[in-house]
Amino acid sequence: GESTLPASLPPVAQPTPRGGPWEPMDAVLRSPDGALALAAAPEDLRWFLAARLGAEDEAGCAVTSVELFGIHRDGFAFGTEDTTCGGAHTVWGITGNRWEYVVQYGDAMPCEYLAQNDIPPGAPRLRCDGDEGVRDY
């Protein structure tokens, strides 16, 4: 059967930044159950992504799939979100005790913008626009 998602997700503890490497992921999620079954991801991130899949935003765009490229223990995840209105690269992070978007973009973001948002460097497949052109972040 379908999982029943709570109307609001419980508060998420803000991790103490410890740095270190990203954990590469290669997961394509197409349903809430698929997100909840992703054992390699933290439980609070699984619930957040499950709540996103199939949900419509204010503009009426529904999330059809999420591809997860990497997770960082400091409370970040990176991947792509495909919706009925198009797709975008997305960095999610924990802000104010909940997961939400940190950045969402089509083309490479300025590297300094990623750094200003405390996104740890080295995310798998995360590219940004720096002084020398587009590079790995």
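A disulfide here is a pair of cysteine sulfur atoms within 2.5 Å of each other. With that in hand, here are the close-ups, all taken from a predicted model.

**View 1. The disulfide between Cys111 and Cys128.** The sulfur atoms of Cys111 and Cys128 sit 2.0 Å apart, which puts the pair inside the 2.5 Å cut-off. The torsion about their S-S bond is about 90°, so this one is right-handed. Cys111 belongs to helix H3 (residues 111-116) and Cys128 to strand E7, so the bond ties together parts that are 17 residues apart in sequence. Are the two ends buried or exposed? Cys111 is buried, with 6% relative accessible area, and Cys128 is buried too, at 0%; for both, the test is a value under 20%.

**View 2. The disulfide between Cys61 and Cys85.** A search of the whole structure turns up two disulfides, and here we look at the one that joins Cys61 to Cys85, with an S to S distance of 2.0 Å. Cys61 comes from the loop between helix H2 (43-52) and strand E2 (63-72), and Cys85 from the loop between E3 and E4, so the link holds together parts that are 24 residues apart in sequence. Which hand does the link of Cys61 and Cys85 have? It is left-handed, with -95° about the S-S bond. The two ends get different labels: Cys61 counts as buried at 10% relative accessibility, whereas Cys85 counts as exposed at 52%. Number the bonded cysteines of the protein in sequence order and the pairing reads 1-2, 3-4.

**View 3. The second largest pocket.** This pocket has a volume of about 180 Å³. Both cysteines from the previous view, Cys61 and Cys85, are part of its lining. Other lining residues include Arg52, Asp57, Glu58, Glu81, Tyr101 and Gln104. Three elements give two or more residues each: strand E3 (76-83), strand E4 (86-95) and strand E5 (98-105). Which of the elements gives the most? That would be E4, with three residues. Sort the lining by class and you get an even split, with four nonpolar, four polar and four charged residues.

**View 4. The sheet of E6, E7 and E8.** These three strands make an open sheet in the order E6-E7-E8, with mixed pairing. Strand E6 (109-110) and strand E8 (133-136) are at the edges, each with a single partner strand, so one side of each has no neighbour in the sheet. Strand E7 (residues 127-130) runs antiparallel to E8, and four bridges join the two. One residue to pick out is Gly130, whose bridge partner in E8 is Gly133. E7 also carries Cys128, from the first view.

**View 5. Two loop residues with positive phi.** Most residues other than glycine have a negative phi, so a positive value is worth a close look. Asn97 is one such case, with phi near 65°. Its place is in the loop between E4 and E5, and at 41% relative accessibility Asn97 counts as partly exposed. Arg125 also has a positive phi, of about 70°, without being a glycine. Where does Arg125 lie? Look in the loop between H3 and E7. With a relative accessible area of 53%, Arg125 is exposed, because that label needs a value over 50%.

Notes
Residues are numbered from 1 along each chain as its sequence is written. This is a predicted model: local features need pLDDT of at least 70, side-chain atom pairs count only at pLDDT 80 or more; totals for chains, interfaces and linings use all residues. Side-chain values use heavy atoms; hydrogens and water are left out. Two strands pair if DSSP finds at least two bridges between them. On a 1 Å grid over the protein atoms alone, a cavity is a set of points where a 1.4 Å probe fits but cannot get out, and a pocket is an open set with protein on both sides within 12 Å along at least five of seven lines; lining residues have an atom within 4 Å of a point. Grid points are joined across faces, edges and corners, and a volume is the space filled by probe spheres set on the points. Ala, Val, Leu, Ile, Met, Phe, Trp, Tyr, Cys and Pro count as nonpolar, Asp, Glu, Lys and Arg as charged, and the others, Gly among them, as polar. Buried means under 20% relative accessible area, exposed over 50%, partly exposed in between (1.4 Å probe, protein chains only).
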